Structure formats: structure tokens, C-alpha cells
Amino acid sequence: MYTHGKHAKTESETSSISLSSPPPSPPRPAYYVQSPLEYGDRATATSYHSTPARPPTHNHHSRDSFTARLSSTPGTRKVSLNYGVTGADRHRDDMPWRDTAAIEEESLLRDGEQEEKRLPRRFYVLAFVAVFLVLFFLFALVLWGASRHQSPQVTMNSITFEDFYVQAGTDSSLVPTDLLTLNSTVKLTYRNTGSFFGVHVTSTPVLLNYYQLAIASGSIDYFYQSRKSQRNLHVAVMSSKLPLYGGGSGLSGRPNGQPVNLTLSVTVRSRAHVLGKLVKPKFYSHVRCAIVMDQTRLDTPVSLKNSCQYS
């Protein structure tokens with residue numbers, strides 16, 4: 001009796017103790033997380049974190065999941081304890097370095113595209129030189145076109161015959177022939193019409209012809225004519241004891257001889273330096289005058305204003 005009561009007391013004490021004290025908690029498992037050393041490197045290092053996992057609601061199910069995850073990844077120590085997380089979220093949480101790598105890769109691609117779009121400095125230098133040359137060429141072309149409309153003007157004024165006579169004689173080889181001596185002076189005016197350039201002037205010989213026979217000649221010395229200016233020139237056209245060899249049968253040195261038809265011709269060359277030596281327009285003035293020489297009116301100027309053709 002006494003023994004039974006004592007046993008009953010022991011069971012009640014035991015039940016009260018079991019109801020009042022909480023059940024012992026299971027041991028907290030440790031898990032290990034594997035993280036990459038560097039982006040793009042396959043070598044990995046294992047970092048151990050002894051962090052207590054969140055107590056699962058179903059201990060047996062959690063342990064089975066833990067064992068399945070551990071066994072499903074051979075050769076690794078990575079264990080992820082995620083409760084209430086979807087597969088996509090778990091994948092992002094397990095590999096955050098992949099998101100960082102993707103961001104870095106996109107940044108590198110954007111930088112590469114910007115570098116490809118950015119033109120090199122050499123291209124700008126070449127473009128500047130090309131544009132400068134094109135503009136300079138256009139400027140020179142405009143100056144050349146403007147200068148072509150400002151050609152010089154040559155005006156023949158008069159010719160004066162001082163001496164004219166024909167006499168019999170011999171040439172340098174002692175061949176008998178008629179010898180012609182003629183002295184004359186041609187006056188002309190040269191005018192530079194250019195408003196922004198000067199000209200350098202030369203000429204061909206000034207020829208005085210009796211039909212096809214040249215009986216006298218002269219020359220215009222080189223000179224420079226500044227812009228918007230003019231000058232008067234005196235050119236000596238002469239010959240001395242010129243052998244005729246029968247070509248001047250119509251010529252006579254007698255004072256009362258008949259008038260003689262002569263032709264005066266010259267070409268005046270002008271060269272302008274508009275833009276240094278880069279733009280050098282040239283002008284040619286061809287002059288041809290018909291003259292009637294009257295042997296009775298020597299030393300008298302003969303007007304050429306209406307007797308010349310200019311081209």
C-alpha cells in the first residue's frame with residue numbers, strides 16, 4: 001500500500017516535471033558556403049561559417065532536405081538552408097557573384113562601344129587639313145576667276161619714221177644686193193586694270209613687215225606694272241643695211257617715192273602674281289596694225305588709233 005502510493009507519487013511528479021520543462025531542442029547544424037575567389041577564375045576557396053540555421057518546423061523533413069542537398073552536389077561543401085524561398089530566389093541567393101559579373105560585363109561592353117564610336121585624334125587632324133586645303137583651293141579659284149576679268153590693256157598711239165632709204169651694196173659675203181636702212185619710233189600705252197594684283201610684262205619683238213619680209217624690229221624691255229596704273233612706252237623699231245635680195249622691189253629710197261604699205265605686229269605678255277606664286281594668271285595681248293608710210297612725211301607721227309586690231 002505504502003509502496004503503491006509512493007510509486008503513484010513518483011509518476012505524478014514525473015508528469016508534472018515533463019509538462020513544466022520544455023522539450024530539448026535538437027543540435028543546431030553547421031553549414032559551409034563556397035564562394036569564388038575571383039570573377040572568371042575556376043579556382044574556389046571554401047569559407048566556413050558556423051552560423052546556426054533557422055530551426056525548421058519539421059525536423060525530419062529538414063534533415064532529409066539537408067542530406068539531399070549535400071549529396072546532390074558531389075565534390076563541394078556548399079549547403080544552402082532556405083525555408084520558404086522559391087527556386088529562382090534560391091538560385092540568385094546561392095550565386096550573387098554571377099549578377100556582379102554580368103553587370104561588369106555589360107559595363108565593359110558599353111565602354112567598348114563608346115571607344116569604337118569615339119574617333120581617333122589623327123582623324124580630326126586629317127579632316128582639318130582636308131577642309132583647309134579645300135577652302136584654300138576654293139579661295140584661290142575665286143581669285144583666279146576674278147583676275148581673268150581684269151586683263152591689261154595695250155593701246156597703240158603712233159609711229160614716227162625718222163629715216164628710210166634703200167641703197168645698193170653687198171652683204172657680209174660680198175653678194176651684191178639692195179640694203180635697207182629704217183629708223184622709227186612706236187608709242188604705246190600699257191594699262192594694268194587689276195584692282196588687287198600687279199603684273200610682270202614682257203613682249204615678243206615688235207616687227208615691221210613689208211608683206212612677208214621683216215624690214216625692221218624692236219623690243220619692249222621687261223617691267224613691272226602695279227595695280228590700277230599705266231605707263232607710256234617708246235619702242236625703237238629699226239634696221240641697218242638689211243639685205244633685200246630682190247624682195248623689196250617696190251621699195252625706193254627716193255624722196256618722192258610712192259607710199260609703202262607696212263604691217264606692225266607685237267604680242268605683249270603679262271603675268272600676274274595674285275596669291276604669291278600659287279595663282280599666276282597670264283594675259284596675252286596680240287596687236288596688228290596696218291600702216292602707210294609716206295616718204296614725203298618723214299619725222300611726222302602717224303596715228304595708229306584706228307589702224308590696229310587687238311586680240
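**Surface, helix 5 and the strand region of a predicted model**

The accessible surface of the chain adds up to about 21,600 Å², and carbon and sulfur atoms own 56% of that. Worth saying up front: this is a predicted model. The chain runs to 311 residues, and buried ones make up 27% of them. In terms of secondary structure, it has five helices and 13 strands. As for how the chain meets itself, take the contacts with a separation of 6 or more: 67% of them join residues 24 or more positions apart.

Helix 5 is a good place to start. UniProt, in an unreviewed entry, lists residues 123-146 as "transmembrane region". In the model that stretch is 100% helix and 0% strand, with 35 Å between its end C-alpha atoms. Helix 5 itself covers residues 121-148, and leucine 143 sits in it. Leucine 143 comes out at a relative accessible area of 16%, so it counts as buried, the cut-off being under 20%. What does leucine 143 touch, once residues up to four places away in sequence are set aside? The partners are Phe196, Val274 and Leu275. There is also a pairing with valine 279: the two residues are 136 apart along the chain, yet their C-alpha atoms are separated by 7.9 Å.

The surface has a nonpolar patch, formed by Val125, Phe128, Val129, Phe132, Leu133, Phe136 and Leu278, which together offer about 720 Å² of accessible area. One of its members, leucine 278, belongs to the loop between strand 10 (260-272) and strand 11 (282-293). Leucine 278 has a relative accessible area of 64%, and it is classed as exposed because the cut-off for that is over 50%.

Strand 11 also holds one end of a cross-link. Just one disulfide turns up in the model, formed by cysteine 289 and cysteine 308, whose sulfur atoms lie 1.8 Å apart. Cysteine 289 is in strand 11 and cysteine 308 is in strand 13 (residues 308-310), so the pair ties together parts 19 residues apart in sequence. The torsion about the S-S bond is about 105°, which makes the disulfide right-handed. Are the two cysteines buried or exposed? Both cysteine 289 and cysteine 308 are buried.

Strand 9 (residues 229-243) is where methionine 238 is found. Methionine 238 has 42% relative accessibility and so goes down as partly exposed, falling between the 20% and 50% cut-offs. Leaving out neighbours within four places in sequence, its contacts are Leu182, Asn183, Ala216 and Ser217. Methionine 238 can also be paired with phenylalanine 164, which is 74 residues away along the chain; the C-alpha atoms of these two are separated by 9.6 Å.

The backbone around strand 9 has a couple of quirks. Most residues other than glycine have a negative phi. Lysine 241, which lies in strand 9, has a positive phi of about 50° although it is not a glycine. Lysine 228 is not a glycine either, and its phi is also positive, at about 50°. Where does lysine 228 sit? The spot is the loop between strand 8 (223-225) and strand 9. With a relative accessible area of 52%, lysine 228 is exposed.

Note on methods. Residues are numbered from 1 along each chain as its sequence is written. This is a predicted model: local features need pLDDT of at least 70, side-chain atom pairs count only at pLDDT 80 or more; totals for chains, interfaces and linings use all residues. Side-chain values use heavy atoms; hydrogens and water are left out. Patches are made of residues with over 30% relative accessible area and no salt bridge: like charges are joined within 9 Å, nonpolar side chains (Val, Leu, Ile, Met, Phe, Trp, Tyr) within 5 Å. Accessible areas come from the Shrake-Rupley method with a 1.4 Å probe; for residues, only the protein chains shown count as cover. A salt bridge is a side-chain nitrogen of Lys or Arg within 4 Å of a carboxyl oxygen of Asp or Glu. Helices (H or I, at least four residues) and strands (E, at least two) are DSSP runs, numbered from the N terminus. Buried means under 20% relative accessible area, exposed over 50%, partly exposed in between (1.4 Å probe, protein chains only). A disulfide is a pair of cysteine sulfur atoms within 2.5 Å. Contact means heavy atoms within 4.5 Å. UniProt positions are given in the numbering used here, feature names are shortened, and annotations may be inferred rather than shown by experiment.
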